[in-house]
Protein chains: 2
Amino acid sequence: MSHTHVHESQDQLKAALDTLKQTGVRITPQRHAILEFLVESMTHPTADDIYKALEGKFPNMSVATVYNNLRVFREVGLVKELTYGDTSSRFDFVTTEHYHVICEECGKIVDFHYPGLDEVEQLAAHVTGFKISHHRMEVYGTCAECSQKDLH
Amino acid sequence: MSHTHVHESQDQLKAALDTLKQTGVRITPQRHAILEFLVESMTHPTADDIYKALEGKFPNMSVATVYNNLRVFREVGLVKELTYGDTSSRFDFVTTEHYHVICEECGKIVDFHYPGLDEVEQLAAHVTGFKISHHRMEVYGTCAECSQKDLH
DNA sequence: TTATTACTTTATAATCTTTATAAACAGTGT
DNA sequence: ACACTGTTTATAAAGATTATAAAGTAATAA
């Protein structure tokens, strides 16, 4: 992990904590830890992933606390909830807009930047009469590692 | 409902039954009814919607049967499973490629045709090294009816 | 036809994720 | 110290989906 990356994480965490302060949400040790984990984990964890990752630091923390706080974070716009085909939601710390590419074999999720598809939203609005607020897109396929494995 | 529409539904159902024959999947009364419902319903029903809709015709049908057969249909490519934020999956009979526009207030789902976003898939493949198979996109907003209601 | 086999449905239980509830706890201000 | 509000914990409940075993049904072969 590069130095700039570490600094970015710290800055993002600090900015997130500021957001909480400004919106009047208390910064508890659990909330701090959940946010920290979300910012630093390059994965897109489930609520249970987070719960397990923090049970060392907070042996008494309840699963409900994880869910409660993920909801709070979502409400103030700090995290996005991703609902894919698999059973449980995944949570993504919001930085810049991006899409996801998902490996259908191993489940890996890779961030993927692409200019916003404004044109699609406009056409949708025109055709359906909806007021459009946003969209989501995921691209599915097989990652390089799994493609390699499949050869053998 | 126009005459052509009825014919389309019948043709689609017949084609679906053919697919089942060709793939060696038995056509049971329950499967026939579930397929028929999926083809004719303009909605995007949940497993429970289907279960409830058919309990008149099949008072003894089990929920498991609905789930089992939706999985079978999905495996042979006749239906797509849509997983949105809400609790349960929705099932969409596969006709032509299309996207969905979803009302965030009432949950209505409207089909929306747009040329395939091949370019996005190509860029994703190039940037991530994935072999891309497909993508999904949903557009979210407020439908005309709910927009009207919001004014009052 | 009969026996055998594989597939399907039913009924039910189990699992898993998420939410609800109530009691205990912690921080803030009076 | 006291009251007030928000938070966490522990636990139960809800809801969706899957697993299991028994019974039923269709297809096949002897």
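Reader: Hi! Quick one to start: is D48(A) buried, exposed or partly exposed?

Author: Hello! D48(A) counts as partly exposed, with a relative accessibility of 34%. One thing to keep in mind throughout is that this is a predicted model.

Reader: Noted. Which side chain does D48(A) meet in a salt bridge?

Author: That would be K52(A), with 2.4 Å from N to O. K52(A) is exposed, at 51% relative accessible area.

Reader: Why are K52(A) and D48(A) separated by about one helical turn?

Author: Because they sit four residues apart in helix α3 of chain A, which covers residues 47–54.

Reader: Nice. How many salt bridges turn up over all chains?

Author: The search of the whole structure gives 12.

Reader: What about E145(A), which side chain does that one meet in a salt bridge?

Author: E145(A) pairs with K108(A), at 2.6 Å from N to O. This pair ties together distant parts of the chain: E145(A) belongs to helix α6 (residues 144–151), while K108(A) lies in the loop between β3 (99–103) and β4 (109–112), 37 residues apart.

Reader: And how accessible are E145(A) and K108(A)?

Author: Both fall in the middle class: E145(A) is partly exposed at 47%, and K108(A) is partly exposed at 32%.

Reader: Since you mention that loop, what do β3(A) and β4(A) form?

Author: They form a hairpin with five residues between them, and G107(A) in the turn has a positive phi of about 85°. The two strands run antiparallel and are joined by four bridges. H100(A), for instance, has D111(A) in β4(A) as its bridge partner.

Reader: Let's switch to the two chains. How does chain A lie on chain B?

Author: A turn of 179° with a shift of 0.0 Å along the axis lays chain A on chain B, with an RMSD of 0.2 Å. So the relation is that of a two-fold axis.

Reader: Which residue of chain A comes closest to that rotation axis?

Author: M137(A), whose C-alpha is 2.0 Å from the axis. The two copies also use the same surface, as 100% of the contact residues of chain A recur in chain B.

Reader: How many residues are in contact, and how much area is buried?

Author: There are 34 residues of chain A in contact with 34 of chain B. Together the chains bury about 3000 Å², and 68% of that is on carbon and sulfur atoms.

Reader: What about polar contacts and salt bridges across the interface?

Author: The interface has 14 residue pairs in polar contact, counting pairs with both residues at pLDDT 80 or more. As for salt bridges, two are found between chain A and chain B. R136(A) forms a salt bridge with E138(B), the closest N and O atoms being 3.5 Å apart.

Reader: Which elements of chain A supply at least two residues of the side that touches chain B?

Author: They are β3, β4, α5 (118–128), β5 (131–142) and α6. The largest share, 12 residues, comes from β5(A).

Reader: Where is E138(A) found?

Author: E138(A) is in strand β5 of chain A. Its side chain meets that of R136(A) in a salt bridge, at 2.9 Å from N to O. Salt bridges with shared partners join R136(A), E138(A), R136(B) and E138(B) into one network.

Reader: Are R136(A) and E138(A) buried or exposed?

Author: Both are buried, with R136(A) at 14% relative accessible area and E138(A) at 3%.

Reader: What else is E138(A) in contact with, leaving aside neighbours within four places in sequence?

Author: On its own chain, E138(A) is in contact with Y84(A), H100(A) and I102(A). From chain B, the contacts are H134(B), H135(B) and R136(B).

Reader: Last topic: which residues cover the faces of strand β2 of chain B?

Author: In β2(B), residues 90–93, R90(B) and D92(B) are on one side, F91(B) and F93(B) are on the other, and all of them are buried. That fits the pattern that side chains in a regular strand alternate between the two faces of the sheet.

Reader: And how is β2(B) joined to β1 of chain B?

Author: Four bridges join the two strands, which run antiparallel, with β1 covering residues 79–82. One of the pairings puts E81(B) opposite F91(B) as its bridge partner in β2(B).

Note on methods. Residues numbered from 1 in each chain as written. Chains lettered and ligands numbered in written order. Predicted model: local features only at pLDDT ≥ 70, side-chain atom pairs only at ≥ 80, totals over all residues. Heavy atoms only, no water. Salt bridge = Lys/Arg side-chain N within 4 Å of Asp/Glu carboxyl O. Buried < 20%, exposed > 50% of the residue type's maximum accessible area, 1.4 Å probe, protein only. Pairing = 2+ DSSP bridges. Least-squares fit on C-alpha atoms with pLDDT ≥ 70 in both. Contact = heavy atoms within 4.5 Å. Buried area = accessible area lost by both parts, 1.4 Å probe. Polar contact = N/O pair within 3.5 Å; in protein donor to acceptor, adjacent residues only side chain to side chain.
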